[in-house]
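Visitor: Could you take me through the start of this chain in close-up? I'd also like some sense of the rest of the model, so I know what I'm looking at.

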Amino acid sequence: MVMSVEVKLRKGEAMEKALRRLKKKLDREGIIRDVRQKRYYEKPCEIKRRKNKVAAFNNMLRQRYENR
């Protein structure tokens, strides 16, 4: 999987500001989260367990706020 994110340096722009824009772009697209998640191997049963846990939590929140 190739993910290309490009940030072009604007005329007169400081390098720190361009880096900040790059970090925001990476964060918005979820690339950093994906890389950290794929850093270690996760067994299929662990993936399923994690997804079920997130779904259960979201359902609990949905039910809690529907009753109001």
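**The start of the chain, close up**

Guide: Happy to! Going from the N terminus, the elements of the protein chain follow the order α-α-α. That is three helices and zero strands in total. Please keep in mind that this is a predicted model. Its average pLDDT is 91, and 96% of the residues score at least 70. Compared by element, helix H3 (residues 44-66) has the highest mean pLDDT at 95, while helix H2 (residues 31-37) has the lowest at 88.

Before zooming in, here is the overall form. The radius of gyration of the protein chain is 19 Å, whereas a compact globule of 68 residues would have one near 11 Å. Along the principal axes, the C-alpha atoms fill a box of roughly 55 × 40 × 15 Å. Just 7% of the 68 residues count as buried. The chain exposes about 6900 Å², with carbon and sulfur atoms supplying 52% of that area.

Now to the part you asked about. Ser4 belongs to the segment before H1. With a relative accessible area of 68%, Ser4 is above the 50% cut-off and therefore counts as exposed. Although Ser4 and Leu26 are 22 residues apart along the chain, their C-alpha atoms are separated by 10.0 Å.

Next, look at a charged pair. Glu6 and Lys8 form a salt bridge, with 4.0 Å between the closest N and O atoms. Lys8 has a relative accessible area of 62%, so it is classed as exposed. Glu6 is classed as exposed too, because its value is 56%.

Leu9 also lies in the segment before helix H1 (15-29). Once neighbours within four places in sequence are set aside, its contacts are Ala14, Met15 and Ala18. Leu9 also takes part in a nonpolar surface patch of about 310 Å², together with Met15 and Leu19. Met15 thus appears both among the contacts of Leu9 and in that patch. For a view across the model, try Leu9 and Ile32: they are 23 residues apart in sequence, and their C-alpha atoms are 21 Å apart in space.

To put the Glu6 and Lys8 pair in context, the structure holds three salt bridges. Another one joins the side chains of Glu13 and Arg21, at 3.1 Å from N to O. Here the partners fall into separate classes of exposure. Glu13 has a relative accessible area of 14%, under the 20% cut-off, so it counts as buried. Arg21, at 25%, falls between the two cut-offs and therefore counts as partly exposed.

There is also a salt bridge between the side chains of Glu42 and Arg50, with an N to O distance of 3.0 Å. Glu42 is partly exposed because its relative accessibility is 23%. Arg50 is partly exposed as well, because its relative accessibility is 30%.

If you'd like to retrace this on screen, begin with Ser4 and its exposed position, then move to the salt bridge of Glu6 and Lys8. After that, pick out Leu9 with Met15 and Leu19 to see the nonpolar patch, and finish on the salt bridge of Glu13 and Arg21.

Notes: Residues numbered from 1 in each chain as written. Predicted model: local features only at pLDDT ≥ 70, side-chain atom pairs only at ≥ 80, totals over all residues. Heavy atoms only, no water. pLDDT = per-residue confidence, 0-100. Helix = DSSP H or I, 4+ residues; strand = E, 2+ residues; numbered from the N terminus. Contact = heavy atoms within 4.5 Å. Patch = residues over 30% accessible without salt bridge, like charges linked within 9 Å, V, L, I, M, F, W, Y side chains within 5 Å. Areas by Shrake-Rupley, 256 points an atom, 1.4 Å probe, with all protein chains shown as cover. Buried < 20%, exposed > 50% of the residue type's maximum accessible area, 1.4 Å probe, protein only. Rg over C-alpha atoms; globule rule 2.2 N^0.38 Å.
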